[in-house]
Amino acid sequence: MTKKSDDQPLDLEGLAAETLAIRSGQLRTEEGAHGEPIFTTSSFVFDSAEQAAARFGGDEPGNIYSRFSNPTVRSFEQRLAAMEGGDRAVATASGMSAITSTFLALLQSGDHIVASRAIFGTTHVLFDKYMKKFGVETTLVDLTDLDGWQAAITEKTKLLFLETPSNPLCEVADIKAIADIAHKHGAVLVVDNCFCTPILQRPLALGADIVVHSATKYLDGQGRSIGGAVVGSNELMEEVYGVLRTCGPTMSPFNAWIALKGLETLAIRMQSQCASAMTLALWLTEQPAVEKVHYAGLLSHSHHALASQQQSAYGAVLSFVVKGGREAAWKVVNSTRIMSITANLGDVKTTITHPATTTHGRLSPEAKQASGIEEGLLRISVGLENIDDLKGDLVRGLDGV
Ligand SMILES: *Cc1c(COP(=O)(O)O)cnc(C)c1O
């Protein structure tokens, strides 16, 4: 197999994310196919016993076995790493296995994590049930409270973890400031960059050590597969790769191909979906049935300035509070004809969720109140449908409130 990129390497230096999304990590065989091939093979053959020994011994680079080396998966990894500005990416079976592999690689019994409270629900379960079982304790803090981050750190703290903007209230963390806090104490900062993707935000350039992704969301973008990835320095990724090789939460070549093709249209999808989210957020502020709108693109949002500085756009997820509590919110949900009623996000299909009874349904009433999950709150992940059609879809329910 000859990769054209081996003969005439493309100099990626200075290329924009949109170009990297299409041209980096290119995989071209001697067949000359323009589209990247999918290598659906579990193992690879060697020319000789000598070569097999050299590959296994790590003296010769090359494919061995698809649990830890597959050309299609590598292509996705190289492309995402280039876009995030990391040395290397390690693709995983899901977003959760990306997070789990990172923890397994970097932590041991007795270590301590500080994490923001407003993170993906299953990540909480990972902390409470599984990390705890192996002797790793977690302290939760408010995403935007820098003193809180600082105060939560102990001499056992090895890792800080956050998601920004938060779901569903769009609060924005100061990545650079939190990275400084982590480094002052010899800890690493891990950022879940699922909501922004490297098109809007590049945490590594702001000082974060590792980015984790659920490729299931915007990277694929069309709800076709489950996947994840970890991105960072060669040194840290070698540790994560070791977990993948040993524990096996590997991304399949087919899912890697879907995510790889997803990256090619990521920039233009994000641009369009963010623009629609902005339009919808502004429009919602004018609706009499709407009490407030949470979207960092709005001047009224308390983290608007930070978001403007840290992100190139404000994302495609927003939330808003309908007057009249749960009954009114459910009426809006049930009046939609276009939007999908699902907790998923990052899809070209717009989705609508009532967090208080779904994604955040397990929280106690006090915890809901503390984290701003009101009964009238609805979250929308804005897709690619026509914006007037989306407004019309909401008007039906809002008019009835
Ligand atoms: C969906 C999601 C995950 C988990 O990803 P899966 O691919 O479902 O395992 C992690 N973090 C965030 C922010 C997510 O939205």
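Here are four short exercises, with worked solutions, on the predicted model shown above.

**Exercise 1. Work out whether the overall size of the chain agrees with that of a compact globule.**

Step 1: Start with the length, which is 401 residues.
Step 2: For that length, a compact globule would have a radius of gyration near 21 Å.
Step 3: Compare this with the chain, which has 22 Å, so the two agree.
Step 4: To add some detail, look at the C-alpha trace, which spans about 75 × 50 × 35 Å along its principal axes. Of the 401 residues, 54% count as buried. The accessible surface comes to about 17,400 Å², and carbon and sulfur atoms account for 52% of that.

**Exercise 2. Find valine 322 and decide whether it is buried or exposed.**

Step 1: Locate the residue in the secondary structure. The chain has 16 helices and 12 strands, and valine 322 sits in strand β9, which covers residues 317-322.
Step 2: Check its relative accessible area, which is 1%. Buried means under 20%, so valine 322 is buried.
Step 3: See what surrounds it. Leaving out residues up to four places away in sequence, valine 322 touches Ala289, Ala328, Ala329, Val332, Gly376, Leu378, Leu398 and Val401.
Step 4: For contrast, pick aspartate 145, which is 177 residues away along the chain. Its C-alpha atom and that of valine 322 are separated by 27 Å.

**Exercise 3. Describe the buried residues of helix α14 and name elements that cover them.**

Step 1: Find helix α14 at residues 325-335.
Step 2: List its buried residues: Ala328, Ala329, Val332, Val333 and Ser335.
Step 3: Look for the cover, which includes β9, β10 (340-341), β11 (351-353), β12 (377-381) and α16 (387-400).
Step 4: Link this to Exercise 2, where Ala328, Ala329 and Val332 were among the residues touched by valine 322.

**Exercise 4. Explain why cysteine 194 has no bond to the closest cysteine sulfur.**

Step 1: Recall the idea. A disulfide is a covalent bond between the sulfur atoms of two cysteines.
Step 2: Find the closest cysteine sulfur to that of cysteine 194; it belongs to cysteine 196.
Step 3: Check the distance. The two sulfurs are 9.7 Å apart, too far for a bond, since a disulfide needs them within 2.5 Å.
Step 4: Widen the view to the structure, which holds zero disulfides.
Step 5: Finish with accessibility. Cysteine 194 counts as buried at 7% relative accessibility, whereas cysteine 247 is exposed, with a relative accessible area of 52%.

Methods. Residues numbered from 1 in each chain as written. Predicted model: local features only at pLDDT ≥ 70, side-chain atom pairs only at ≥ 80, totals over all residues. Heavy atoms only, no water. Helix = DSSP H or I, 4+ residues; strand = E, 2+ residues; numbered from the N terminus. Buried < 20%, exposed > 50% of the residue type's maximum accessible area, 1.4 Å probe, protein only. Contact = heavy atoms within 4.5 Å. Rg over C-alpha atoms; globule rule 2.2 N^0.38 Å. Areas by Shrake-Rupley, 256 points an atom, 1.4 Å probe, with all protein chains shown as cover.
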